[in-house]
Amino acid sequence: MPELPEVETVRLGLNKFLPGLKVKSVSFDWPKGFPNSKRLVDTKLIGSSILKVDRRGKVIIIPLSSGYSLLIHLKMTGQLVFTKDHDRFGAGHPNDSLVSKLPDRSTRVTFVFNNDARLYFNDQRKFGWVKLEASNGLYENNAFLKKLGPEPLEKDYTYEQFRNALSSRKKSTIKAVILDQTVLAGVGNIYADEGLFAARIHPAEKVENISQIKLRRLFKALIEIMSLSISLGGSSDRNYVDAEGKRGSYLKFAKVFRREGQDCPECGGKISKIRVAGRGTHVCNRCQKLKTSIDKK
DNA sequence: CACTTGACCTGTCCGC
DNA sequence: TGCGGACAGGTCAAGT
């Protein structure tokens, strides 16, 4: 999915349109993806108004006037697209839109508002979910939210927090650790690879083999790269779009992600694609030297 | 325990 | 063109 910068871009877009709208009806065809009972939906969602749109890690959180909140996780292929009226797509930007018509066959949930605006939750692979939970104590009660590590783009997030979270994971590969949402919330495969390249750390390096200088560089790089990506509307590798159905342009500036076979922009060597922490991983072996002894694969 | 691997799904791309 | 297999931005349960 959408990682922190993509989810934040969706949040910013939804926040322009949704607050104040009242939910008139909702339809969904994928019970696993929207597991709440019809009764809860009828009493806590239908007829309530949207207060605002928040984000925690990769989760969109929409508090409602009913005292309940919608939680939405886009996972790998989720989209949240708003339309001002159901005949026009992309909130008035049809020419920039990646999708031409909604709902489409990946639409799992459709929210209809009193003014006939709509919010479509699309999810090709059906990994994503929408849940309705009580707003009071949500961040401490929700099983997913309560485990999340700090928000990396908050002003008060420090290198010391980052280093301390890593200190109990010395035997793990650095990529596995920064992908762990309990260490810090929001990094996914794209920004892990880009951040590690910027810090000149090999993704398969064991944490214990990495110098403080490099870890500090990684901490800084992750924050800078994700901030830059938000300013560019995120990354559209496959089907990510923002709340208006538009693609993001960060990948044009990516140095290694999806660039296997191309020349490294720093040293001119070849970028290769390997597997680390079970994920496709992009690396320049000349810029990102591995100290950890290679156990044969 | 800490870490790794498969499962959850659908769609697309690549090689034969 | 058709078909099988690998793979895709995330997370969890089950395995070692």
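Q: What makes the backbone at G47, just after α2, worth a look in this predicted model?
A: In this predicted model, G47 follows directly after helix α2 and takes a positive phi of about 90°.

Q: Which residues of helix α2 are called buried, and what does that word require?
A: Helix α2 covers residues 38-45, and within this helix L40, V41 and L45 are buried. The word requires a relative accessible area under 20%, so each of these residues falls under that cut-off.

Q: How do you know that the buried residues of α2 line one face of the helix?
A: When one looks down the axis of α2, the buried residues fall within an arc of 100°, and therefore they line one face of the helix.

Q: What does the face of α2 turned away from its buried side carry, and why are those residues called exposed?
A: That face carries K38 and R39, which are called exposed because their relative accessible area is over 50%.

Q: What covers the buried residues of α2?
A: The cover includes four strands, namely β1 (23-28), β4 (68-73), β6 (107-113) and β8 (129-134); these belong to a chain A that has seven helices and 10 strands.

Q: What makes the size of chain A agree with that of a compact globule?
A: For 297 residues, a compact globule would have a radius of gyration near 19 Å, and because chain A has 20 Å, the value agrees with that expectation. Along the principal axes, the C-alpha atoms of chain A fill a box of roughly 60 × 40 × 35 Å, and 53% of the residues of chain A count as buried.

Q: Which residues are around DNA strand B, and what makes a residue count as near the strand?
A: A residue counts if one of its heavy atoms lies within 4 Å of the strand, and the residues that do so are W30, K32, R105, Q124, R125, K126, F127, R169 and S172. By class, this surface has two nonpolar, two polar and five charged residues.

Q: Which parts of DNA strand B do the atoms within 4 Å of the protein belong to?
A: Of those atoms, 67% belong to sugar or phosphate, while the rest belong to bases.

Q: Why can R169, K126 and Q124 be said to make polar contacts with DNA strand B?
A: A polar contact is a pair of N or O atoms within 3.5 Å. An N or O atom in the side chain of R169 is 2.7 Å from a phosphate oxygen of the strand, and a polar side-chain atom of K126 lies 3.1 Å from a phosphate oxygen. For Q124, the partner is a sugar or linking oxygen, 3.3 Å from an N or O atom of the side chain. Each distance is within the cut-off, so each pair counts as a polar contact.

How values were computed:
Residues are numbered from 1 along each chain as its sequence is written. Chains are lettered from A and ligands numbered from 1 in the order in which they are written. This is a predicted model: local features need pLDDT of at least 70, side-chain atom pairs count only at pLDDT 80 or more; totals for chains, interfaces and linings use all residues. Side-chain values use heavy atoms; hydrogens and water are left out. Buried means under 20% relative accessible area, exposed over 50%, partly exposed in between (1.4 Å probe, protein chains only). Helices (H or I, at least four residues) and strands (E, at least two) are DSSP runs, numbered from the N terminus. The arc is that of the directions from the helix axis to the C-beta atoms. Contact means heavy atoms within 4.5 Å. A polar contact is a pair of N or O atoms within 3.5 Å; within protein, one must be able to donate a hydrogen and the other to accept it, and residues adjacent in sequence count only if both atoms are side-chain atoms. Ala, Val, Leu, Ile, Met, Phe, Trp, Tyr, Cys and Pro count as nonpolar, Asp, Glu, Lys and Arg as charged, and the others, Gly among them, as polar. The radius of gyration is taken over C-alpha atoms; the globule rule is 2.2 Å times the number of residues to the power 0.38.
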